[in-house]
Amino acid sequence: MSAHGYEAALHGITGVRGVRGAMVVTGADGLVVAESLMEGIKGTAVAALAASLATRLGRAMEAGGVGSDVFWHLQAERGALLVVPARSGMLIVAVADPGVNAGLVRLELLRAAESVA
Amino acid sequence: MKGGARAVEAWTLEPLTTFVHEAGVRLVLLMTPAGQVLAQSGFARAVDVMSAAALGAAIFASTTEMARQLGEPPFAGLAHQGEKHGVFLALVTTARGPVVVLAVYDLAATSLGLVQLFFEQLATDLRGASPKGSEQKQVLAADFERELTDSLNSLFGR
């Protein structure tokens, strides 16, 4: 997939009302592959920390015998982080407002994950 | 190779300790581009520090020359990933002079993204902590062995 293809995969996510940005991140390295973020969001920091969290969550799920993660949603006071791992090992990450329609964001994240897989 | 953080230049110690803790790196060397060691973390033997400093300085010199031939300023950072470990080499400009940071990390414990992220903080901390108006003095060949011995004594508490 080309760099343009990765960016195109994010359009559906950023089109959801309340989404502040979306990224494609390498799961193993925590590096940004493509991003579409509002000003003020530090993409490199979100990517590195989300990938680190994904690795640890993956280990916890493996240890718990519940299989691999397909979607996670971290709700915070002033926003939310929603992540879907793609089959290729990439992570599709969305940063959103606290009241975002999480179901719709999840759907778009899964679509993007399918297209980058 | 395992040990705590030790510094020849005391101002580097706190930024280095924070970086090691935050980034989860295994080995770190702070040195001048010529390979003169300022601080280390994780190394247990002087010979390992000497080897890493010499190799790090050589890599830095090679990439700087490559950049020069491309008509570019020196590369900001260099990352090399192996099967189990990664190596990250980057330059920080401080009031005391340029400082080369060599970090080795375990891929199971951290990632390149995290190392790069906390390296930015290390660079800010080193710039903030460096003594102003005191450019690093060049080590003359005649003083080299004494300087090296003094540095290693400081780094390994002998």
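Which residue takes a positive phi in the hairpin of β1(A) and β2(A)? A:Gly30 does, with a phi near 75°, and the hairpin has five residues between its strands. Here are some notes to help you find your way around.

1. The model is predicted: local features need pLDDT of at least 70, side-chain atom pairs count only at pLDDT 80 or more, and totals for chains, interfaces and linings use all residues. Residues are numbered from 1 along each chain as its sequence is written, while chains are lettered from A and ligands numbered from 1 in the order in which they are written.

2. Strand β1 of chain A covers residues 19-26 (strands are DSSP runs of E, at least two residues, and helices runs of H or I, at least four, numbered from the N terminus). Six of its eight residues are buried, so the strand is largely enclosed by the rest of the structure. Buried means that 20 or more other C-beta atoms, placed from the backbone, lie within 10 Å of a residue's own.

3. β1(A) pairs (at least two DSSP bridges) with β5(A), residues 90-96, antiparallel over seven bridges. Five bridges join β1(A) to β2(A), residues 32-37, also running antiparallel. Look for A:Gly21: opposite it stands A:Val95 in β5(A), and its bridge partner in β2(A) is A:Leu37.

4. The largest nonpolar core has 77 residues, and A:Ile92 and B:Val28 are among those touching the most other members. Such a core joins buried Ala, Val, Leu, Ile, Met, Phe, Trp, Tyr and Cys residues through C-beta atoms within 7 Å. Helix α3 of chain B (residues 112-129) gives the most to this core, nine residues.

Key: A residue is buried if 20 or more other C-beta atoms lie within 10 Å of its own, exposed if 12 or fewer, and partly exposed in between; C-beta atoms are placed from the backbone.
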